[in-house]
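Let's practise reading a protein model step by step. Have a look at the picture below, then try each exercise before you read its solution.

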Amino acid sequence: MKTLYRSTRETASHTMTSSQAVLQGLTPDGGLFVPVTLPTANFDFDQLATMSYQEVAYEVLKLFFTDYTADELHACIDAAYGDQFDDPQIAPVTKHGQQYYLELFHGPTIAFKDLALQILPHLMTTAVKKNHLQAEVVILAATSGDTGKAAMAGFANVDQTRIIVFYPKDGVSAIQKQQMVTQTGANTSVVAINGNFDEAQTTVKKLLNDHQLHAELAAHQFQFSSANSINIGRLFPQVAYYVYTYAQLIKQGQIKNGDEINFSVPTGNFGDILAGYYAKQLGTPIHKLICASNRNNVLTDFFNTGTYDKNREFFLTSSPSMDILVSSNLERLLFYLTGSDATATAKLMTDLQTTGRYTITPAMRANLADFWAGFVTESQDQAEIHHLNHAHHYTIDPHTAVASAVAKQYQAATRDQRPMVVVATASPYKFPQAVLTAITGKLSAVDGLAAVDQLHELIQTPIPATVTALRTAPVRHKRVADVDDMGTTIKTILNLN
């Protein structure tokens, strides 16, 4: 059965194929693409337990990308999940203490975004050919730290593409910044903005729907698309690792087929946990999806009160990829909570834009039973890193620590003893200063590569190759722009001025 896509804000009369939606990125009305009808899966998890990550990914992706041939999907998957990962399992599941950790940091940029952004360029270039597109695709991305590097690593020197990444100048870790500003590739551009991630993301979405700018690009044979998780080519590849995790726990003898498990997910833009929601809709026996936040706990309040209110203080934390007050992918969940009512979804998004808040109905709140939400302070985050390092000789980054600590909050509050999987989203070497501070109990005076070396001496795990390469990598990207100048900056980069 073919899976077609529609907007969250418009009637289902306007649909696109999956390859068209990948190219478009954002819907013309400013909404997000969702399947007109969710695909049906009949997973045999005992069989999936015998499969590789690549084989499981194919079983998932063939449900969502139905206008790609089997050969095309296999080619995309094989190119995405190969030697660029330092573990042949791609996403191994390990156990430390009473919790399991889904390690999503074994890719080329040591963060979970690699699982989607290694395959997106292949899905997109295949879509270009399938749809006979003559224009050069300009990928716009806002990043809170990880998407930018992972997207550029995926798209670097890919034919018929350009990629432009905006990041908050003072809102990423030293290693995240160094990874971005040293990125190679003639088609890559990185711009620091004087603002926060929410401002960058909101402006990118506006630019993606700026009809005058689109016309200017079209006149020069350019077309916009997106590498953020608003793009279905980013979102649905993430579903695969939830399905794979369940199968791996069966393979390890930790659960039996049919047993329910929980996932705790460090959550900012809501794409990662939404992928888990889709995995559950496909039949993966997931009991609860635990939405774990840092001090920017707008999502915690939403799940616990039914009101989403971004009118609050914005905090810079040691888990910067979660320093977000406008969670774009939540719109897709809202669409389902309304019973696929595009008009109701559009009104909620208008309310958010005009007043900074909205409240869902009691009936919609009743449909949130799949989720549980909590948050941690900076001190609780550090305490969790310290505990796992000292008690179990396992070192995690601050984002993973948020999810690990909130998972324990959930278990204490509910007494739920189902197996708990913490989604480990980044290597500790990506945030060495914060991890050093947590382990030693003293504020680390060093950051960047100096902190990497100190952390390595302390934990004795190999320094990832991508971090080692930063020692000699020249800085290539030095642009800085105000938020209001992002559109002009794009035109300058593309020589449209």
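**Exercise 1.** Check whether the end-to-end span of helix α16 agrees or disagrees with 1.5 Å a residue.

*Solution.* Step one: α16 covers residues 342-355, which makes 14 residues. Step two: the expected span is 1.5 Å times one less than the number of residues, and for α16 this gives 20 Å. Step three: the end C-alpha atoms of α16 are 20 Å apart, which agrees. (Helices are DSSP runs of H or I with at least four residues, strands are runs of E with at least two, and both are numbered from the N terminus.)

Before going on, a word on the source: this is a predicted model, in which local features need pLDDT of at least 70 and side-chain atom pairs count only at pLDDT 80 or more, while totals for chains, interfaces and linings use all residues. Residues are numbered from 1 along each chain as its sequence is written, and side-chain values use heavy atoms, leaving out hydrogens and water.

**Exercise 2.** Find which residues of α16 are buried and work out how they are arranged around the axis.

*Solution.* Buried means under 20% relative accessible area, exposed over 50%, and partly exposed in between (1.4 Å probe, protein chains only). Step one: the buried residues in α16 are Ala342, Thr345, Leu348, Met349 and Leu352. Step two: these residues cover an arc of only 125° around the axis, so they sit on the same side of α16; the arc is that of the directions from the helix axis to the C-beta atoms. Step three: Thr343, Lys347 and Thr354, on the other side of α16, are exposed. A general rule helps here: an α-helix has 3.6 residues a turn, so residues three or four places apart point the same way.

**Exercise 3.** Describe what happens at the start of α16 and just after α16.

*Solution.* At the start, a side-chain oxygen of aspartate 341 comes to within 3.0 Å of the backbone nitrogen of threonine 343. Just after the helix, glycine 356 has a positive phi of about 85°.

**Exercise 4.** Which strands pair with β5, and in which sense?

*Solution.* Two strands pair if DSSP finds at least two bridges between them. Step one: β5 (residues 136-142) runs parallel to β8 (residues 222-226), joined by 5 bridges; here glutamate 136 has phenylalanine 222 as its bridge partner. Step two: β5 also pairs with β6 (residues 161-168) in the parallel sense, over 6 bridges, and valine 137 is partnered by threonine 161. Step three: 6 of the 7 residues of β5 are buried, so this strand is largely enclosed by the rest of the structure.

Note on methods. Polar contact = N/O pair within 3.5 Å; in protein donor to acceptor, adjacent residues only side chain to side chain.
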